[in-house]
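Dear colleague,

I am passing on a structure for you to look through at your own pace. Please open it first, and then read the notes underneath with the picture beside you.

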Amino acid sequence: MISEKINEILNEQINREFYSGYLYLSMSAHLKELGLNGFAKWIKIQAKEEVEHGLKIFDYLINSNSFVTLKQIRTPEFEFRGVLSIFNHIYEHEQCITKSIMKIAQLADEECDRTTLAFIDWFIKEQLEEEEAVKNIIKRLELFGEDKVALYLIDKELDERAV
Ligand code: OFO
């Protein structure tokens, strides 16, 4: 049985996940316009993952006989100051998402809601992987990003992402 508080926090998380998808799609579109197809593709795949995360929570609520309340998704905001700034923004955003996931785990723990705790565990691991993947790109951009050839090579490499 999902409590009102858990229901509320999970519905908020659906919104955050869909917002993440929206944010990443807008970044992807911008990078595509600039001809940075690999970066654009990588972020677009990330956007799809975020929507899947939202749907995972959506299904969890439905399958738990709880209810879904979809809220308005705000307009994505980011300032383009180069590829590195985009990835720094993604990293900071993911850190906020990790905090919100941890809050869900904390609440589920306080309420002894073992089912939600087990469910949210997947998201904790996913956040770790996502933060690491983004950090790896940032490290390389910091090392070589100003160099056009290096930027081209990183773009080419990211274009190989399939899922
Ligand atoms: Fe949904 O994993 Fe990132 O935000």
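What follows is a description of the helices and of two residues within them.

This is a predicted model, in which local features need pLDDT of at least 70 and side-chain atom pairs count only at pLDDT 80 or more, while totals for chains, interfaces and linings use all residues. Residues are numbered from 1 along each chain as its sequence is written, and side-chain values use heavy atoms, with hydrogens and water left out.

To begin with the whole chain, there are five helices and zero strands, where helices (H or I, at least four residues) and strands (E, at least two) are DSSP runs numbered from the N terminus. The C-alpha trace spans about 55 × 25 × 25 Å along its principal axes. Of the 163 residues, 44% count as buried, a word that means under 20% relative accessible area, with exposed being over 50% and partly exposed in between (1.4 Å probe, protein chains only). If we take contacts (heavy atoms within 4.5 Å) between residues at least 6 apart in sequence, 80% of them join residues at least 24 apart.

Helix α4 covers residues 114-144, and its 31 residues reach 46 Å from the first C-alpha to the last, close to the 45 Å expected at 1.5 Å a residue; the expected span is 1.5 Å times one less than the number of residues. There is nevertheless a kink of about 25° in α4, centred on I120, the bend at a residue being the angle between axes fitted to the seven residues ending there and the seven starting there. Among the buried residues of α4 are F119, I120, F123, V134, I137, I138 and L141, and the buried residues of this helix pack against α1 (4-33), α2 (37-63), α3 (83-110) and α5 (148-158).

Two packed helices are described by the angle between their axes and the distance between the axes. Here axes are lines fitted to C-alpha atoms, for helices over the stretch in contact, and angles run from 0 to 180 degrees between N-to-C directions. Angles under 35 degrees count as roughly parallel, over 145 as roughly antiparallel, 65 to 115 as roughly perpendicular and the rest as oblique. A crossing is left-handed if the near helix is turned anticlockwise from the far one by less than a right angle, and right-handed if clockwise.

How are α2 and α3 placed? They pack at an angle of about 15°, with their axes 12 Å apart, which makes α2 roughly parallel to α3, and α2 passes α3 in a left-handed crossing. In this pair, F39, W42, I43 and E50 of α2 meet V83, I86, F87, I90 and E94 of α3.

The helices α2 and α5 pack at an angle of about 40°, with their axes 7 Å apart, and are therefore oblique to each other. Their crossing is left-handed, and N37, G38, F39 and W42 in α2 meet L151, I154, D155 and L158 in α5.

Two residues can be followed individually, leaving out neighbours up to four places away in sequence when their contacts are listed. I137, in helix α4, is buried, with a relative accessible area of 3%, and touches W42, F87 and L158. Its C-alpha is 9.6 Å from that of N88, although I137 and N88 are 49 residues apart in sequence. S28, found in helix α1, counts as buried at 5% relative accessibility and touches A40, I43 and K44.

With kind regards
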